[in-house]
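Visitor: I am new to this structure and would be grateful for a close look at one part of it. Please choose a single helix, describe it with care, and then place it among its surroundings.

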Amino acid sequence: MTEKHHDYTKTTPRFSATFDPFTVSQIQRAAATGIYDIRGGGTKRKLPHFDDLLFLGASMSRYPLEGYRERCGTDVVLGTRFAKKPIHLKTPVTIAGMSFGALSAQAKEALGRGASAVGTSTTTGDGGMTPEERGHSSTLIYQYLPSRYGMNPDDLRKADAIEIVVGQGAKPGGGGMLLGQKISPRVAQMRDLPEGIDQRSACRHPDWTGPDDLEIKIEELREITNWEKPIYVKVGASRPYYDVSLAVKSGADVVVLDGMQGGTAATQEVFIEHVGLPILAAIRPAVQALQDLGLHRKVQLIVSGGIRTGADVAKALALGADAVAIGTAALVALGDQSPDLAEEYAKLGTVPGAYDDWQDGRDPAGITTQDPTLSARLDPILGGRRLANYLSVLTMEAQTIARACGKSHLHNLEPEDLVALTIEAAAMTRLPLAGTDWYPGKAGF
Amino acid sequence: MQTIDLNTTTLRELNSRLQTENAGASWQVANPNGRHALAVGLTQPIEVTIEGHAGYYAAGMNQQASVVINGNAGQGVAENMMSGRVHVKGNASSSAGATAHGGLLVIEGDAGARCGISMKGVDIVVRGSIGHMSAFMAQSGNLVVCGDAGEALGDSLYETRIFVRGKVRGLGADCEEKDMTPEDRAIVTSLLEKAGVTDCKAEDFRLYGSARTLYHFNVDNASAY
C-alpha cells in the first residue's frame, strides 16, 4: 500500500480579504448585467450595534424589582407637544412604515391586526392608505411622502397621526423604488401610474425644500386636520444632531430616526451598504439635540433600524428614545424567511434567512409580493397572531431587563444602566467601556 | 357673502369656518397679507375669494370649493387639490398645483419653477409662462401654458400632457414633442374656455409627453437616471 503524501510545495488556496468570494461575485454580476444590484432589506454588514452594550442590573447600590409581581409600566404617549389628540400606546414597540405595493394587502392587514392586538400603532407607506389596513389598525400613522402617491385629504383626516417622511435609514437621500413586477392593477390605480412600469418615487418633497418651508407645511397639515393629529418627522440617520434639531424647529411633535439597518422594499445594494449611520451611533446625538432644546421627552423620539429583541428595545430606551419601530423583524414574525420555505427559496437561489429579493415580487411567504396566488398564502389572522406574540415577547423581555435594573417603567431606564463592550460602541453611545471608568471620546481621548 | 377679516380673525378660525359642513355658499377673505395655509382642506362646494396676496399652500388639498385669489400666490398653491377650482389672478410661486389629483388650477400671470410637479390628474392652465423643472415626474392630467416654459420641462414624465404655446427652453429627461391629434386640440380648447382664456387658439400649442424610455431600467439609459 502506497502512502499518499501532502504536496508541501504548494500553499492552500487563499481567498483575498479584499476581493472575498462575495465581492468577486458582485463584480461578476455587474459585468454580466450592466445594472446595479437592487434588493430589499437593510445593511447586512457587521456594525456596532446594541449587542455591543450590556445592562449592569441591580445589586448592592441599586434595588431590583420582583420579576413577575412588581409593576413595570410600558405605555408611551406620543405627540404631546402641539397635537390635541396625542397617541397613547400600551407598548413602546411600533410598526414602521411599509407600503401596500411593497407588501401584499394580506401582509398589511396582518400588521394591523398584530399591532392592534397589543395596543400599538402601524404605519402606511408610499402608495397611500388601504381600507384593509385602516380597518384593522386601531392606531394608524399616515405617511406623507415625497411621491404623495395615493395622498388624499380624506385619508389624512382618517389617520391617527401623520408622519412626514424626509428619509429612511436604508437610503438617506434616496427615493422609493417599486419594480414593474409589483405594479399590479390595484397598486397602479392607487398610485396613478401605468401598470407594470418600474416606478421610482421622488427623493425630495415637491412643495417644500428645507426646515423653514417644512414649518409652513406642518402648519398647513395641522390646519387641515384641526390641530388634532400628532405630526411625526422621519429622518434617516445621517446627521442626527442637526436633523433632529431642525425637525423640532419645524414643529414636529415626534421625531422618527431610522438607522441603516432599517429595511427598504427595494434599493441599490451599494446605497443600502454605504450610506447612513448605524442606529447605535445616531441615538445619543439625537437625544442630545432634544436635551439641548429642553425638549427631551416633550418631543418624543422613535428609533428604528435593527431592533430584534426586548434587549434592543430596552437599550434604545435607556439611551433616551421614547419608543422604537420594527419593520424587518415584523415581517419575519409574519413568516418571512421561514425554514418551511427552504425548497422554494432554493429555486430563487437563496436560503431561509438570506432572502432579500423583496423587489422581485416572488416572495414564497406571500409578504413582499402582489402576486395573488403567493399573497393568498399569508393568512392575515394567523400572521397577525404571530406578530402580536412577538410584540408581547419584546415587551416582556424589555420589562425583564427594566425590573432587573430596578425600574418601575421602561422609560426609567437610563444610560447609567448601561456599559459598552467595545471602544467603538462606547464612543458612539457616550457610555463607559465595561469594567472601566473610561468614556472613549470624552475629554479629548 | 360673508367676510372674514384676517386683521381681526386668526387663521385657525378662518379655516375652521370654511371647513365646516354647512359653511355658507360665498366667502370673502379680507387682508390676507400673504398669510400661509389660507383656505386649506376645504370640502364643500363653496366660493371663497381671497382679496389680496396669499402665502404658501393657499387652497391646499382643495375638494369641491372654488377659490379665487385676487393677488399673487406663494409656493404650492392648490397643492394636492382633489377637485374644485383655484384661480390665481396674479402670479404663482413654485410648485403650483403640486401632486394635485383633480380639479382646475388657473394662473392668470406666470408660475414659478416646478409648476405641476408630480401632478396626478389635475388640469392646470397658465396664461403666462412657467419656470424650470415644471411637470417634473408628472403622472397624469393636462398642463396648458400660453406663454413659455423654462428648462427641463417634463423631466421624468409619466402620462401628463403638456401643451405650450410659446418657446420651450429645454426638455427634461424622457420628455419629447408629440403630434397633436384632434382630441388633444379639443382638450386645449375646452381647458382654455373653462379658464376664461379668450385670446389663445388650440392650433398655436405644441404637445409634449413622455417618450416612455425610462419606464423600465435599461443600462443604455444610465446617464439619464
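Guide: What follows is an account of one helix of chain A, and then of the parts around it.

The model is a predicted one. The helix chosen is H6 of chain A, residues 211-224. H6(A) has 14 residues, which at 1.5 Å a residue should span 20 Å; the C-alpha atoms at its ends are 20 Å apart, so the expected and the modelled lengths agree.

The next point is how far H6(A) is covered. Of its 14 residues, 10 are buried, and the helix is therefore largely enclosed by the rest of the structure. Among the buried residues of H6(A) are A:Leu214, A:Ile216, A:Ile218, A:Leu221 and A:Ile224. The list of buried positions also includes A:Lys217, A:Glu219, A:Glu220, A:Arg222 and A:Glu223. Within chain A, the buried residues of H6(A) pack against helix H4 (153-158), strand E8 (161-165) and strand E11 (231-236). They also pack against H1 of chain B. Just after H6(A) comes A:Asn226, which takes a positive phi of about 60°.

The partner from chain B leads to the contact between the two chains. In that contact, 33 residues of chain B meet 21 residues of chain A. Helix H1 (11-19) of chain B supplies at least two residues of the side that touches chain A, and strand E7 (120-126) of chain B likewise supplies at least two. By type, the residues on this side of chain B comprise 14 nonpolar, 15 polar and 4 charged.

Chain B itself is assigned two domains, domain 1 (1-93) and domain 2 (105-225). Their centres, taken over C-alpha atoms, are separated by 26 Å. Domain 1 of chain B gives 10 residues to the contact between them, and domain 2 of chain B gives 9. On the domain 1 side, these residues divide into 5 nonpolar, 4 polar and 1 charged.

One residue of chain B may serve as an example. B:Ala111 lies in the loop between strand E6 (104-107) and E7 of chain B. B:Ala111 counts as buried because it has 32 C-beta neighbours inside 10 Å, where 20 or more suffice. Beyond its neighbours within four places in sequence, B:Ala111 is in contact with B:Ala92, B:Ala96, B:Val126, B:Ile130 and B:Gly131. B:Gly128 is 17 residues away from B:Ala111 in sequence, yet their C-alpha atoms are 7.3 Å apart.

A second helix of chain A can be set beside H6(A). Helix H2 (residues 105-117) of chain A has 13 residues and reaches 18 Å from its first C-alpha to its last, close to the 18 Å expected. H2(A) is mostly covered, with 11 of its 13 residues buried. The elements of chain A that cover the buried residues of H2(A) include strand E5 (93-95), helix H3 (131-136) and helix H14 (380-404). After H2(A) comes A:Gly119, with a positive phi near 75°.

The nonpolar core completes the picture. The largest nonpolar core has 195 residues, and those with the most contacts inside it are A:Val255, A:Val324, B:Ala39 and B:Leu105. Helix H9 (residues 279-292) of chain A makes the largest contribution to this core, with 9 residues. Domain 1 and domain 2 of chain B each provide at least three residues of this core. As for A:Val324, its contacts beyond four places in sequence include A:Pro92, A:Val93, A:Ile302 and A:Val313.

How values were computed. Residues are numbered from 1 along each chain as its sequence is written. Chains are lettered from A and ligands numbered from 1 in the order in which they are written. This is a predicted model: local features need pLDDT of at least 70, side-chain atom pairs count only at pLDDT 80 or more; totals for chains, interfaces and linings use all residues. Two residues are in contact if their C-beta atoms, placed from the backbone, lie within 7 Å. Helices (H or I, at least four residues) and strands (E, at least two) are DSSP runs, numbered from the N terminus. Ala, Val, Leu, Ile, Met, Phe, Trp, Tyr, Cys and Pro count as nonpolar, Asp, Glu, Lys and Arg as charged, and the others, Gly among them, as polar. A residue is buried if 20 or more other C-beta atoms lie within 10 Å of its own, exposed if 12 or fewer, and partly exposed in between; C-beta atoms are placed from the backbone. Domain bounds come from an automatic or database domain assignment. A nonpolar core is a set of buried Ala, Val, Leu, Ile, Met, Phe, Trp, Tyr and Cys residues joined through C-beta atoms within 7 Å. The expected span of a helix is 1.5 Å times one less than its number of residues.
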